[in-house]
Amino acid sequence: MSVFNDFALYPRFLLTGFSGLESRYGLISFPLFLVYGTSIAGNITILFIIRTEPSLHQPMYYFLSMLALTDLGLSTTTLPTMFSVFWFHSRDIPFNACLVQMYFIHVFSIIESAVLLAMAFDRFVAIREPLRYATILTNDVITGIGLAIAGRALALVFPASFLLKRLQYNAVNILSYPFCLHQDLIKTTVSSRRVSSIYGLMVVICSMGLDSVLLLLSYLLILGTVLSIASKAERVKALNTCISHVCAVLTFYTPMIGLSMIRRYGQNASPIVHVLMANVYLLVPPLMNPIVYSVKTKQIRDRILKKFKKHKV
């Protein structure tokens, strides 16, 4: 009886990499950690440039800083277990550590969704009310938006972790990915998962579902405002300010939709496909966002080149 209680209280969880390719983890780990290194370096560079350039202390770049911080958080949250699985071939993860990782993965994902929505609002205000832009999006307003974004994510995900903690699991539980996700943990439980599943669905609807609808609405309003501008050159200029943000939105939502479709309709697909899509979902946005904003945003690009030239001299 005591052994059963120990299993119930301290179940083992095993992470999964690319099944059947364990002998090639050395080769697989190189591009993975190259992605991590590029993501972390890129987002730190964005934060450094914005922090050290007074001319970039504007609402648009404050929101970009929030996005970079979120991407850093997401990268560092998944890095330990990815390193463990692909570098050290160690799949074990304690239950509490798995819950903590799951919590922060979903918190940062919800924050990223909300930050993208806030950036869409920023672009709408900049195009619709250019003369009042700085007076509408003051530092206090931006701070309030940031706190609301973080507070919503923290509050929404916490009950999900608490509900998972109360469920019963097998003595040994094999997860589908090299990190812990809510939907993956629910599949391993041996007790009723109804409440946890319903709450998880509610979290998705109230966060990313709502954000995606508001994002679409924001861009419809932006498009309507742009079309009302008389000058063609001004219309093109206004739309160009949105290109980087549109790329960031597509980079975030496309892998998420792809992973959802694979989970729902790809039961017969190879487990490698599932793991690959999960890795794309969590690794690509933090990698691509700093690249997109560095290439497409002239102010960021010019400051980065200026820093490098100064360093060479």
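These questions and answers cover the overall build of a predicted model and one helix pair in it.

User: What makes the protein chain as compact as a globular protein of that length?

Analyst: Start with the make-up: the protein chain has twelve helices and three strands. Its radius of gyration is 21 Å, and the globule rule gives 20 Å for 313 residues. The two values are close, so the chain is as compact as a globular protein of that length. The C-alpha atoms fill a box of roughly 75 × 50 × 35 Å along the principal axes.

User: How much of the protein chain counts as buried, and by what cut-off?

Analyst: Buried means under 20% relative accessible area. Of the 313 residues, 46% count as buried.

User: Why are α3 and α4 called roughly antiparallel?

Analyst: Two packed helices are described by the angle and the distance between their axes. Here α3 spans residues 59–87 and α4 residues 95–128. Their axes cross at roughly 160° and come within 9 Å. Angles over 145 degrees count as roughly antiparallel. The pair is therefore roughly antiparallel.

User: Is that crossing left-handed or right-handed, and which residue classes make up the contact?

Analyst: The crossing of α3 and α4 is left-handed. Its contact residues divide into 15 nonpolar, seven polar and four charged.

User: Where does UniProt place the "G-protein coupled receptors family 1 profile" domain, and what is the helix content of that span?

Analyst: An unreviewed UniProt entry places this domain feature at residues 42–293. In the model, that span is 80% helix and 2% strand. Its end C-alpha atoms lie 10 Å apart.

Technical notes. Residues numbered from 1 in each chain as written. Predicted model: local features only at pLDDT ≥ 70, side-chain atom pairs only at ≥ 80, totals over all residues. Heavy atoms only, no water. Axes fitted to C-alpha atoms, helices over the stretch in contact; angles between N-to-C directions. Helix = DSSP H or I, 4+ residues; strand = E, 2+ residues; numbered from the N terminus. Parallel < 35°, antiparallel > 145°, perpendicular 65-115°, else oblique. Left-handed = near helix turned anticlockwise from the far one by under 90°. Nonpolar A, V, L, I, M, F, W, Y, C, P; charged D, E, K, R; others polar. UniProt positions renumbered as here; feature names shortened; annotations may be inferred. Rg over C-alpha atoms; globule rule 2.2 N^0.38 Å. Buried < 20%, exposed > 50% of the residue type's maximum accessible area, 1.4 Å probe, protein only.
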